[in-house]
Amino acid sequence: MSTDPAGVAAAPPPERDLTTHRRVAGVLETLALHHVRPELRQLPGAVRTAQAAADALGVSPAEIANSLVFVAVGADGSRTPLLVLASGGHRVDTAKVASLLELDELERADPDFVREHTGMAIGGVAPVGHPQRLRTVVDVTLGRYDRVWAAAGHSHAVFATTYDELIRITGGQAMDVA
């Protein structure tokens, strides 16, 4: 903390209210349409990994619903986005998920593809609030926890939700993704 010329400690700058951020506001609006008023937490720094989010929240990485965007490659060569809400406690088995969804392949999306289809940057991709509803898979492992945390459209914002609520608000398909 710095001091002014009189030696009085200066107050830290006020935290930015992320509820007014365009993407966070969009997520909150979408949640409201689903009758969800979430507990929103603004974090002091960017949380671009499940471990970083877990550390900031004081929970295990498994309680973080990672929003991972993949390129779903169909038998006809079509390339569409697939959002996988995965427990931060493990890695997605892309071959397994592709097989279960009857896809030829599941590729990791690059940052441009993610932003194009979600309107959000990697590290802040929320389960909802995208320009178009995305085909979504929700990791059954998240059902082990009473409360899980998901990104809220910005790398400094997360919201509390439940497994059942994630299924409901995304229209997602429950799946063992590991």
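Colleague: Why is E39 called partly exposed?

Modeller: In this predicted model, the relative accessible area of E39 is 33%. Buried would require under 20% and exposed over 50%, so E39 falls in between and counts as partly exposed.

Colleague: What makes the contact between R147 and E39 a salt bridge?

Modeller: The side chains of R147 and E39 meet at 2.9 Å, N to O. The cut-off for a side-chain nitrogen of Arg and a carboxyl oxygen of Glu is within 4 Å, and the pair therefore qualifies. R147 lies in the loop between β5 (135-139) and β6, and E39 in the loop between α1 and β1, so the salt bridge ties together parts that are 108 residues apart in sequence. R147 has 36% relative accessibility and therefore counts as partly exposed.

Colleague: Which residues are joined with E39 into one network?

Modeller: R41 and R147 are joined with E39 through salt bridges that share partners. The structure holds five salt bridges.

Colleague: How do you know that K96 and D176 form a salt bridge, and which parts of the chain does the pair link?

Modeller: Their side chains meet at 3.1 Å, N to O, which satisfies the limit of within 4 Å and is therefore a salt bridge. The pair links distant parts of the chain, with K96 in helix α3 (residues 94-100) and D176 in the segment after β8 (173-175), 80 residues apart. K96 is partly exposed because its relative accessibility is 27%; D176, at 38%, is partly exposed as well.

Colleague: Why are E165 and R168 said to be separated by about one helical turn?

Modeller: They are three residues apart in helix α5. An α-helix has 3.6 residues a turn, so residues three or four places apart point the same way. The closest N and O atoms of E165 and R168 are 4.0 Å apart, and the two residues form a salt bridge. R168, at 44% relative accessibility, counts as partly exposed.

Colleague: How do you know that the span of helix α1 agrees with its number of residues?

Modeller: Helix α1 (residues 22-33) has twelve residues, which at 1.5 Å a residue should span 16 Å. Its end C-alpha atoms are 17 Å apart, which agrees.

Colleague: Which residues of α1 are buried, and what do they pack against?

Modeller: The buried residues are V24, A25, V27, T30 and L31. They pack against β1 (40-42), β6 (148-154), β7 (157-161) and α5 (163-170). As for T30, a polar atom of its side chain lies 3.0 Å from the backbone oxygen of G26, and T30 also touches V128 and G129.

Terms used
Residues are numbered from 1 along each chain as its sequence is written. This is a predicted model: local features need pLDDT of at least 70, side-chain atom pairs count only at pLDDT 80 or more; totals for chains, interfaces and linings use all residues. Side-chain values use heavy atoms; hydrogens and water are left out. Helices (H or I, at least four residues) and strands (E, at least two) are DSSP runs, numbered from the N terminus. The expected span of a helix is 1.5 Å times one less than its number of residues. Buried means under 20% relative accessible area, exposed over 50%, partly exposed in between (1.4 Å probe, protein chains only). Contact means heavy atoms within 4.5 Å. A polar contact is a pair of N or O atoms within 3.5 Å; within protein, one must be able to donate a hydrogen and the other to accept it, and residues adjacent in sequence count only if both atoms are side-chain atoms.
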